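Hello,

I promised to pass this one on to you, so here it is. Please open it and keep it beside you as you read my notes below.

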Amino acid sequence: MTRDSAPEVLRYTAFSADPEGGNPAGVVLDASGLDEGQMLAVAAEVGYSETAFLTERTGEGAYTVRYFSPKAEVPFCGHATVATAIALAERDGPGTLEFTTAAGQVPVTVTPEGGELRATLTSVVPHVTGVDAADLTEALAALDWASADLDPALPPRIAYAGARHLVLAAATRERLADLAYDFARLEALMHRLELTTLQLVWREAPEVFHVRDPFPVGGVVEDPATGAAAAAFGAYVRELGLAPEAAAALTLHQGADMGRPGTLTVELRAGDDRVRVSGTGTRIG
């Protein structure tokens, strides 16, 4: 990739209408001429937790999308999906999109809402599994958490809705706020367990949570707003019977501890195992 052929990289934030909030993502609307190494180089230069690349248009509103952190490709990224959908809506108008990702098909709708654009993605079919006791012990050690720091009402699980996330619930807001972990140790565990982030949560109310997502495997300490983890967490909430069987709307607050507050809405629908995650977004700069 030469300087003259460098792609145009748009910068958007997702899950906030404030450019200083939410999670920034790079967006390349035409990556058809880029190979994997070039996309990784662009993502590393951008430096955000992920950059999304539209590598092929497969139909009206349908695209193949690949996601790269500064260190590696990831199968699915929620905030970059929201950012890309809003960028397309600004160019082409609101409507329905279909993204083909490494994790599967991800429909996205973009609608105007109070002068802003809101994107809603629908996850692939999720699943939730248990955590080996030794792996949990290692995760807590890497975080410098004690077992007493966990909320017994929200047991540890690995949840998947396009990417794997270890869900750990803090017993207090103070425990969640105090995040200082062993980067290399947690990164090694996450590679071994094929985790994309840890989804650290604290429950403020039955359907309101505060969350943080360490992301050492992506080359960053923490992700400010994590749509893929939010979708996985929706599956976790359903699996544990923490939400009404008919339907539920969860509010996840993320990024405040980093100075980039954002809000993610997670919707669970009766008769549909998939999870919907929505939020606003805006261009940076």
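Aromatic pairs come first in my notes: this predicted model holds 5 of them. One is formed by Phe53 and Phe68, whose arrangement is edge-to-face, with 5.7 Å from centre to centre and 85 degrees between the planes. Phe53 belongs to strand 3 and Phe68 to strand 4, so their pairing ties together parts that are 15 residues apart in sequence. Both Phe53 and Phe68 are buried.

Tyr67 and Phe76 make another pair. Their ring centres are 5.9 Å apart and their planes stand at 85 degrees, so this pair is edge-to-face too. Are these two rings buried or exposed? Tyr67 has a relative accessible area of 1%, which makes this residue buried, and Phe76, at 2% relative accessibility, also counts as buried. Elsewhere in the chain, Phe209, Phe233 and Tyr236 form one aromatic cluster.

Next, have a look at helix 1, which covers residues 36-46. Which of its residues are buried? They are Gln38, Met39, Val42, Ala43 and Val46. Seen down the helix axis, these buried residues fall within an arc of 140 degrees, so they line one face of helix 1. A general point helps when reading such a pattern: an α-helix has 3.6 residues a turn, so residues three or four places apart point the same way. As for what covers the buried residues of helix 1, the list includes strand 1 (10-14), strand 2 (23-28), strand 3 (51-59) and strand 4 (62-68). Strands 3 and 4 are the ones you have already met through Phe53 and Phe68.

The two ends of helix 1 are worth a look as well. At the N-terminal end, Asp35 acts as a cap, with a side-chain oxygen 3.2 Å from the backbone nitrogen of Gly37. After the helix comes Gly47, which has a positive phi, near 85 degrees.

Last, a residue in helix 3 (residues 133-143): Glu138. With 23% relative accessibility, Glu138 counts as partly exposed, because buried means under 20% and exposed over 50%. Which residues does Glu138 touch, not counting those up to four places away in sequence? The answer is Arg185 and Leu189. Leu189 is 51 residues from Glu138 in sequence, yet their C-alpha atoms are 7.5 Å apart in space.

Enjoy exploring, and do write back with any questions.

Best wishes

Methods: Residues numbered from 1 in each chain as written. Predicted model: local features only at pLDDT ≥ 70, side-chain atom pairs only at ≥ 80, totals over all residues. Heavy atoms only, no water. Helix = DSSP H or I, 4+ residues; strand = E, 2+ residues; numbered from the N terminus. Buried < 20%, exposed > 50% of the residue type's maximum accessible area, 1.4 Å probe, protein only. Contact = heavy atoms within 4.5 Å. Arc of directions from axis to C-beta. Polar contact = N/O pair within 3.5 Å; in protein donor to acceptor, adjacent residues only side chain to side chain. Phe/Tyr/Trp six-rings, centres within 6.5 Å; stacked < 30°, edge-to-face > 60°.
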